[in-house]
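This briefing sets out selected features of one structure, grouped by topic. Please consult the sequence and the coordinates alongside the points that follow.

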Amino acid sequence: MTAGSTTETPLSARRTWLREHSELGVSVLLLALGILVLTDALTMDVDIAQRGPVGPRTVPVVVGIALLLVAALLAVDVLRGGRGEAEGGEDIDLSEPGDWRTVLLLAGVFLGNAVLIDPLGFPVSGALLFWGSAYALGSRHFDRDPLIAAGLSLATYFVFNNLLGVPLPGGPLMEVL
């Protein structure tokens, strides 16, 4: 053996192969999500909601099949040597760390909305969601943002509840609205 040559162990060869084909992880995630969506759609109880040939199962089944198809096509592309372009279209500086404060604030706002939607109702929890999201993303208009959030939340509530027939929890404001 010469000084410049290296022998690759089976473990390091496997790690190299996995690193070069890391996009297969996305394919596995899409496959799992497609199976989950299809399983949930096919076990859905639709006796009450079925009102014609297109029922509540149609869209989830189409989405589940599309997820499985995309997972298979992505896996075939990766195994044939296809690779995603590394941040070619992104206008970001990869040397800068991630903005974890914003991510954690947004996660807290969404979690808070999930916890508060039943006791407070959608109009209040939605207003907190919209205002909190705007704050987490950098808006500091404390006089304008809560008003826009409240208006957006009420408009969303009325569109879903009254126009689309999708009942949202009204909370204590149910009698007022």
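**Helix α3 and its surroundings**

Helix α3 covers residues 58–79, and its 22 residues, at 1.5 Å a residue, should span 32 Å; the end C-alpha atoms are 32 Å apart, which agrees with that expectation. The model is a predicted one. The points below begin with the two sides of α3 and then turn to aromatic rings, charged groups and a contact between separated parts of the sequence.

- Five residues of α3 are buried, namely G64, L67, A71, A75 and V78.
- Viewed down the axis of α3, these buried residues fall within an arc of 70°, so they line one face of the helix.
- The cover over the buried residues of α3 includes helix α2 (24–42).
- On the other side of α3, the residues V59, V62, L69 and L73 are exposed.
- After α3 comes G81, which has a positive phi, near 105°.

**Aromatic rings**

- A search of the whole structure yields 3 aromatic pairs.
- One of these is the stacked pair of W131 and Y135, with 5.8 Å centre to centre and 25° between the planes. The pair counts as stacked because its planes are under 30 degrees apart.
- Both W131 and Y135 belong to helix α5 (residues 122–136), where they are 4 residues apart, about one turn of the helix.
- W131 counts as partly exposed, at 31% relative accessibility, and Y135 is partly exposed as well, with a relative accessible area of 26%.
- In the pair of Y157 and F158, the ring centres are 5.7 Å apart and the planes stand at 70°, so this pair is edge-to-face. The assignment follows because the angle is over 60 degrees.
- Y157 is buried at 2% relative accessibility, whereas F158 is partly exposed, with a relative accessible area of 33%.
- Ring pairs also join W131, Y135 and F142 into a cluster.

**Charged groups**

- Which residue has its charged end over the ring of Y135? The charged end of R140 sits there, 3.8 Å from the centre of the ring. Y135 thus takes part in the ring cluster with W131 and F142 and also lies beneath the charged end of R140.
- The structure contains 1 salt bridge. In this salt bridge the side chains of R144 and D145 meet, at 3.9 Å from N to O.
- Are the partners of the salt bridge buried or exposed? R144 is partly exposed, at 41% relative accessibility, while D145 counts as buried, at 10% relative accessibility.

**A contact across the sequence**

- G171 lies in the segment after helix α6 (145–163).
- With a relative accessible area of 27%, G171 is partly exposed.
- How far apart in space are G171 and D118, which are 53 residues apart in sequence? The C-alpha to C-alpha distance between G171 and D118 is 6.7 Å.
- Leaving aside residues up to four places away in sequence, G171 touches P119, L120 and G121.

Terms used. Residues are numbered from 1 along each chain as its sequence is written. This is a predicted model: local features need pLDDT of at least 70, side-chain atom pairs count only at pLDDT 80 or more; totals for chains, interfaces and linings use all residues. Side-chain values use heavy atoms; hydrogens and water are left out. Rings of Phe, Tyr and Trp (its six-membered ring) pair if their centres lie within 6.5 Å; planes under 30 degrees apart count as stacked, over 60 as edge-to-face and the rest as tilted. Buried means under 20% relative accessible area, exposed over 50%, partly exposed in between (1.4 Å probe, protein chains only). A charge sits over a ring if NZ of Lys or CZ of Arg is within 6 Å of the ring centre and within 35 degrees of the ring normal. The expected span of a helix is 1.5 Å times one less than its number of residues. The arc is that of the directions from the helix axis to the C-beta atoms. Contact means heavy atoms within 4.5 Å. A salt bridge is a side-chain nitrogen of Lys or Arg within 4 Å of a carboxyl oxygen of Asp or Glu.
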